[in-house]
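The following note sets out points for a colleague who is examining this entry. Please read it with the structure open.

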2 protein chains.
Amino acid sequence: MTGERRRATAVDVARLAGVSQSAVSRCFTEGSSVSAEMRARVQEAARRLSYRPNAIARSLTTRRTNLVGVVMGDLDGPFQPYLFETLTRGLAMRGKQPLLVRGDPANALDGTAMAALDYQVDAVMVTAGSVSPRTIRGLMALGAPLLLYGRAVEADRVDSICCDNPLGARLVARALVAAGHRRIAYLGGRPTAFSEQERGTAFRTELADLGMPLVAVGEGDYGYDSGYRESLRLLAGPDRPDALFCGNDAMAFGALDAARTALGLRVPEELSIVGFDDVPMAAWPSFALTTVRNPVDDIVAIFLDMLERRLADPGAPPVLHRPPPVLVRRGSARL
Amino acid sequence: MTGERRRATAVDVARLAGVSQSAVSRCFTEGSSVSAEMRARVQEAARRLSYRPNAIARSLTTRRTNLVGVVMGDLDGPFQPYLFETLTRGLAMRGKQPLLVRGDPANALDGTAMAALDYQVDAVMVTAGSVSPRTIRGLMALGAPLLLYGRAVEADRVDSICCDNPLGARLVARALVAAGHRRIAYLGGRPTAFSEQERGTAFRTELADLGMPLVAVGEGDYGYDSGYRESLRLLAGPDRPDALFCGNDAMAFGALDAARTALGLRVPEELSIVGFDDVPMAAWPSFALTTVRNPVDDIVAIFLDMLERRLADPGAPPVLHRPPPVLVRRGSARL
DNA sequence: CTGAAAGCGCTTACAG
DNA sequence: CTGAAAGCGCTTACAG
């Protein structure tokens with residue numbers, strides 16, 4: 001137990017217990033038939049040596065590592081960490097070990113990220129819609145089952161789950177117009193993001209259908225700072241918008257700060273602000289943000305079910321889930 | 001390339017290239033002597049088969065997995081995600097694969113977490129000061145080098161790095177008293193957390209030394225909600241405090257919201273609020289939080305250096321770093 | 001420089 | 001139920 005000594009192996013245990021090494025292995029394998037006496041002796045020896053089977057060696061023969069590659073983008077902003085946290089806890093509870101793969105949100109997976117995949121992961125789960133299509137293709141070529149969050153993809157052997165962004169955007173457009181807003185602006189997120197493409201397009205289209213085209217458009221990057229900066233610009237001129245829909249909550253917080261602190265506007269009296277995601281902070285009194293709820297807990301539960309199903313049946317037809325978001329009304333918008 | 005076929009192995013490549021399997025291995029091993037012609041043939045064959053060495057199998061003989069267990073607590077709050085993000089990116093850049101170990105912040109590592117350690121990680125890095133001493137002991141018994149963030153531990157084969165919490169608390173106490181505050185309150189975080197113990201004790205002691213004992217004390221859990229709730233209580237009575245030091249930024253945000261929104265207090269005119277950590281949000285105009293900066297980037301850089309050093313020399317004497325924090329003055333405190 | 005062989009620590013048919 | 005042996009996909013002495 002000095003920590004200097006190497007870890008005990010099945011052979012060490014076998015020797016101490018006076019049995020064969022295969023017997024030791026069986027004692028640690030679910031559903032192997034071992035006599036009670038054998039089991040007791042092996043367990044005692046294992047205990048004395050602090051023996052635990054080497055998962056790496058085991059995986060070599062079972063061809064299952066129980067390792068799941070989790071591709072993550074940046075954890076900045078309040079949304080991603082919560083998703084990541086929920087997902088990794090769920091994986092752990094199901095006996096899967098999350099092996100982190102850092103994906104550069106803008107570009108393809110670099111070499112170091114690919115290296116993670118040499119660990120024979122049973123599957124790869126992508127947790128960020130910002131991962132590029134090119135990266136997705138690289139991952140698909142790997143052979144391991146691929147599961148995507150935040151991007152709706154129709155391809156063989158690829159399952160995906162993605163909030164129904166168009167629906168969310170339409171809910172906002174309708175509510176804003178119904179409440180009498182006449183000068184509506186949109187602040188989009190990173191243009192390469194799948195969610196941005198869906199939200200921006202749907203918002204624009206729905207507004208047009210309602211006969212109330214956008215009066216101003218900004219381009220942010222889903223970060224607070226860009227929300228602050230772009231809002232300053234969008235709200236500065238004459239003919240100020242009376243409503244601003246932001247591509248996510250983080251930018252909406254920036255918009256709120258810019259509007260109230262820098263521009264001295266009253267929210268929602270002079271300006272309605274709406275976000276997307278409904279992160280926990282959105283409910284804080286400082287913000288009381290009206291927003292579209294992206295149901296993370298439901299999403300993660302489904303995502304994990306998709307994984308189990310895919311692992312159980314690699315040949316099953318691909319699945320695409322699009323859970324519907326709902327509009328959460330708080331104080332930041334006059335609705 | 002159908003994805004159905006198993007991944008190519010070194011034997012497949014050897015066959016295609018017409019060389020021995022050992023030769024293939026050498027071509028993928030740093031510093032092995034291979035002729036240019038051999039290398040070319042092998043590389044061509046490998047390319048055609050999309051061959052990449054199996055890292056799992058490799059680790060079995062090299063006795064190095066390049067896997068680093070990263071023990072994380074909850075990713076709620078704005079501080080942990082940033083630390084986690086910075087650390088995992090640093091590991092990836094150094095060719096280490098982060099294997100996530102979910103630690104229950106309150107209790108010992110449960111079975112599923114221990115299972116992660118059967119993957120023969122080269123080292124274990126703990127990223128949360130909230131991990132219990134009992135868990136730490138369990139990890140120490142594992143034999144793998146252990147590196148701790150957020151808890152100062154003196155033990156053999158354990159390196160640790162931890163912000164100088166007592167110094168941070170003292171800075172706040174002195175600044176508050178010097179600015180003329182006379183009714184100072186403290187809102188602590190989770191009592192079992194190492195940081196809480198250090199910060200609370202030092203703040204109390206320093207204040208006593210300055211002849212200005214605490215007038216009120218609250219107990220939170222480092223979360224926004226507890227900051228809000230406890231502040232309501234601390235600030236409700238007569239003899240309201242004129243300054244409130246919170247154990248971290250998240251609670252300070254809750255305190256700010258409670259003071260301004262629920263109690264209608266003017267900050268900092270009627271009440272000074274100070275946090276700890278200096279998360280990015282602390283600089284947002286909504287909060288403009290005066291706080292103690294916990295230098296994450298520096299900490300992670302040192303943490304990673306400690307890892308490299310420990311891996312290079314397992315017998316090196318243990319190291320304990322205590323980077324000094326600084327007080328960041330913004331609008332939430334009259335200093 | 002190159003190949004045959006042993007070995008890393010397991011699991012799993014295969015006999016008994 | 002139990003043990004001997006083959007094999008998972010590599011690396012690394014060891015000869016040549």
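A polar contact is taken here as a pair of N or O atoms within 3.5 Å. One such pair joins Thr61(A) to DNA strand C, where a polar side-chain atom of the residue lies 2.7 Å from a sugar or linking oxygen. The model is a predicted one, and the distances below should be read accordingly.

1. Residues around DNA strand C. This strand has 26 residues around it, and those that come nearest are Gln21(A), Ser25(A), Arg26(B), Ser33(B) and Arg63(B). Of the strand atoms that come within 4 Å of the protein, sugar and phosphate account for 63%. By class, the residues of this surface divide into nine nonpolar, 13 polar and four charged.

2. Polar contacts to DNA strand C. Besides Thr61(A), Ala10(A) takes part through its backbone, an N or O atom of which lies 2.8 Å from a phosphate oxygen of DNA strand C. Arg26(B) reaches a base: an N or O atom in its side chain is 2.5 Å from a base oxygen of DNA strand C. The elements that give two or more residues to the surface near this strand are H2 and H4 of chain A, together with H2 and H4 of chain B. The most is given by H4(A), with five residues.

3. Residues around DNA strand D. Which residues are the closest to DNA strand D? They are Arg26(A), Ser33(A), Arg63(A), Gln21(B) and Ser25(B), out of 26 residues that surround the strand. Among the atoms of DNA strand D within 4 Å of the protein, 65% belong to sugar or phosphate, and the rest belong to bases. The surface near DNA strand D comprises nine nonpolar, 13 polar and four charged residues.

4. Polar contacts to DNA strand D. Phosphate oxygens of this strand are approached by side chains of chain A: an N or O atom of Arg63(A) is 2.4 Å from one, and for Ser20(A) the corresponding distance is 3.1 Å. From chain B, a polar backbone atom of Ala10(B) is 2.9 Å from a phosphate oxygen of DNA strand D. Two or more residues of the surface near this strand come from each of helix H2 (21-27) and helix H4 (55-62) of chain A, and from each of helix H2 (21-27) and helix H4 (55-62) of chain B. H4(B) supplies the largest share, five residues.

5. Domains of chain A. The domain assignment gives domain 1 (10-53), domain 2 (67-163 + 296-325) and domain 3 (165-294) for chain A. The centres of domain 1 and domain 3 of chain A, taken over C-alpha atoms, are separated by 62 Å.

6. A buried acid without a salt bridge. Asp242(A) is found in the loop between helix H10 (224-236) and strand E8 (243-246) of chain A. Asp242(A) is buried yet has no salt bridge, and Arg334(A), the nearest side chain of opposite charge, is 4.9 Å away. A salt bridge requires the nitrogen and the carboxyl oxygen to be within 4 Å. A polar atom of the Asp242(A) side chain does, however, lie 2.9 Å from the backbone nitrogen of Arg182(A).

7. A salt bridge between chains. Over all chains the count comes to 38 salt bridges. In one of them Asp118(A) pairs with Arg52(B), with the closest N and O atoms 3.2 Å apart. The pair crosses between chains, from the loop between helix H6 (111-116) and strand E3 (123-126) of chain A to the loop between helix H3 (36-49) and H4 of chain B. Asp118(A) counts as buried, at 11% relative accessibility, whereas Arg52(B) is partly exposed, at 35%.

8. Other salt bridges. Arg229(A) and Glu230(A) meet through their side chains at 3.5 Å, N to O. Arg229(A) is partly exposed at 45% relative accessibility, while Glu230(A) is buried at 10%. In chain B, the side chains of Arg41(B) and Glu37(B) form a salt bridge at 3.4 Å, N to O. Both residues lie in helix H3 of chain B, four residues apart, about one turn of the helix. Arg41(B) is partly exposed, with a relative accessible area of 39%, and Glu37(B) counts as exposed at 53%.

9. A salt-bridge network. Asp74(A), Arg102(A), Glu85(B) and Arg89(B) are linked in a network of salt bridges.

Technical notes
Residues numbered from 1 in each chain as written. Chains lettered and ligands numbered in written order. Predicted model: local features only at pLDDT ≥ 70, side-chain atom pairs only at ≥ 80, totals over all residues. Heavy atoms only, no water. Near = heavy atom within 4 Å. Polar contact = N/O pair within 3.5 Å; in protein donor to acceptor, adjacent residues only side chain to side chain. Nonpolar A, V, L, I, M, F, W, Y, C, P; charged D, E, K, R; others polar. Domains from an automatic or database assignment. Buried < 20%, exposed > 50% of the residue type's maximum accessible area, 1.4 Å probe, protein only. Lys, Arg positive; Asp, Glu negative; His and termini not counted.
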